[in-house]
Amino acid sequence: MTDRRTALTESFMQDLIARTPRQPEFHQAVREVAHDVLTIEKNDPRLHAARVLDRLSEPDRIITFRVTWEDDSGAVQINRGWRVQTSNAIGPYKGGLRFHPTVNLSVLKFLGFEQVFKNALTGLPLGGAKGGADFDPKGRSEAEIMRFCHAFMAELCKYIGPDHDVPAGDINVGTREIGYLFGAYKKHKGQFHGALTGKGESFGGSALRVEATGYGLIYFLCHMLGVQGRSLHGVRVAISGAGNVATHAAEMALQEGAMVVSLSDSTGVLLAEDGLTQDHVDWVRAQKAAGQAIDDAPGGMRYVAGKAPWGAVDAEVLLPCATQNELDADALAAAIDAGAGIIAEGANMPLTADAVALADRKGLLHAPGKASNAGGVAISGLEMSQNAHGRYLSSVEVCRALRDIMGTIHDQIRAEAGSAARLDYRRGANIAGYRKVAQAVAAFGVI
Ligand code: NDP
């Protein structure tokens, strides 16, 4: 079976790479799913005839546009913006916007592809998409960020809408940027409706959307430990990143009694051998919000420049919450030496392919982002229905919904993961997500 899977995957990938050269992140994401689902597709005449995975790996459309804006000195600046609308098979296109100098078509295609399966796992009627720009907000003034957001939306607004495509935030796009983007959307379209999620609560945002990805990650992790009859209490947890996902994961991990031993950013890592506190998390959040460095750490934390958390401190659980391919095989080997046995991804595809293979060889439990970080999009889905119906849920109701959804995702994966002693979360997530989308794609006929 393994040989058949590998042969099918390699043949599929050869064709994909020939059609889409120089898109390594996209190929990495598709290869992982293809390996788990192509045998299912081949064995089902209806899905095979429909060529479901071929269709899902060719986005419905890709929109590329110029973003022209003026910096504080009056100079004209030009960036490139994109929206990749991957699939609306089970609902309107849905996925975040990322502003980062590393954004390119390969990165957005991988993120849009992952989003299709993630959104299916939530059980909500959401298709998959991703977008963003190669804009670097670092060192930019608030007024420049506002002008960039307004210029970006002046073009993007032509391609989105509440029943069509509903973007949200991602790296460097938080509540502030969504406010500027929504303001521009309203101005250009002359309509107030839920064409974006992650909005401020005073203009249609959902309670707990900001916290949802990080909190949901910890709820999912609690289910992983629950299968072993354990809780998070006293467990040492290493977290990378210092943004939305990382700090909210740290906050909820502390509430569940874990010992959080690190946070990090693109300059270095903050280590807390005896565990960090909520005050430490608040300090990190405030520093990042003010655009300040995190190197002047308060007592109880130690900053190490140029390093990541992996292997720098003993931890059983690894929560990579920064960016794609941040954790390679060497770093994972060091983390395993320092006691790692469980990985739950807060970021999308944070492990390199070699690191994934090592995690398998060493028998680690490994939850993929499409399952463990789905809490954010799940609450975005609830924000869409709250906007549509004009009825808003309390934070207690949203929290209950988030816990339920993360539990249901875990159950679906267990049901698909097979009976092996080690629960294969990646395979379970890929198959469960694929089955749902595939049935819809096949039902539409050849279109
Ligand atoms: P933020 O912009 O809030 O934070 C990103 C963090 O990652 C920052 O601390 C940043 O450091 C760090 N980072 C970025 N690039 C690198 C790098 N190359 N090396 C080391 N650190 C890096 O983003 P989010 O927290 O929202 O997103 C983090 C991850 O979670 C992303 O992979 C995103 O796709 C994923 N995700 C986010 C969701 C959400 O709801 N926001 C939902 C699901 C997934 P610095 O500040 O120095 O740049």
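Helices and strands here are DSSP runs, with at least four residues for a helix and at least two for a strand, numbered from the N terminus. The model is predicted. This briefing covers a sheet, two nonpolar cores and two loop residues with positive phi. The sheet is open and has 7 strands. The largest nonpolar core has 63 residues. The loop residues are Asn325 and Met349.

**The sheet**

- The strand order is S9-S8-S7-S6-S10-S11-S12, and the pairing is mixed.
- Strand S9 (302–305) and strand S12 (365–367) form the edges, each pairing on one side only.
- On average, neighbouring strands are turned by 15° against each other, with direction ignored.
- Strand S8 (residues 268–271) runs antiparallel to S9, and 4 bridges join the two.
- Across this pair, Val269 stands opposite Val304 in S9.

**The nonpolar cores**

- Within the largest core of 63 residues, those with the most contacts inside it are Phe220, Leu221, Met224, Leu232, Ile239, Leu319 and Ile409.
- Helix H8 (residues 209–227) gives the most to this core, supplying 9 residues.
- Domain 2 (61–193) and domain 3 (210–367) each provide at least three residues to this core.
- Another core lies apart from it; this one has 38 residues, including Leu16, Leu38, Ala89 and Val107.

**Around Met224**

- Met224 is among the residues with the most contacts inside the largest core.
- Leaving out residues up to four places away in sequence, Met224 touches Ile342, Ile343, Ala344, Leu365, His366, Ala367, His410 and Tyr425.
- Two stretches in that list match strands: S11 spans 342–344, and S12 spans 365–367.

**Two loop residues with positive phi**

- Asn325 is not glycine, yet its phi is positive, near 55°.
- Asn325 is found in the loop between strand S10 (317–319) and helix H11 (329–337).
- Asn325 counts as partly exposed because its relative accessibility is 28%, which falls between the 20% and 50% cut-offs.
- Met349 is also a residue other than glycine with a positive phi, here near 50°.
- The loop that holds Met349 runs between strand S11 (342–344) and helix H12 (353–361).
- Met349 has a relative accessible area of 7%, so Met349 is buried, the limit being under 20%.
- In short, Asn325 is partly exposed, whereas Met349 is buried.

Methods:
Residues are numbered from 1 along each chain as its sequence is written. This is a predicted model: local features need pLDDT of at least 70, side-chain atom pairs count only at pLDDT 80 or more; totals for chains, interfaces and linings use all residues. Side-chain values use heavy atoms; hydrogens and water are left out. Buried means under 20% relative accessible area, exposed over 50%, partly exposed in between (1.4 Å probe, protein chains only). A nonpolar core is a set of buried Ala, Val, Leu, Ile, Met, Phe, Trp, Tyr and Cys residues joined through side-chain atoms within 4.5 Å. Domain bounds come from an automatic or database domain assignment. Contact means heavy atoms within 4.5 Å. Two strands pair if DSSP finds at least two bridges between them. Axes are lines fitted to C-alpha atoms, for helices over the stretch in contact, and angles run from 0 to 180 degrees between N-to-C directions.
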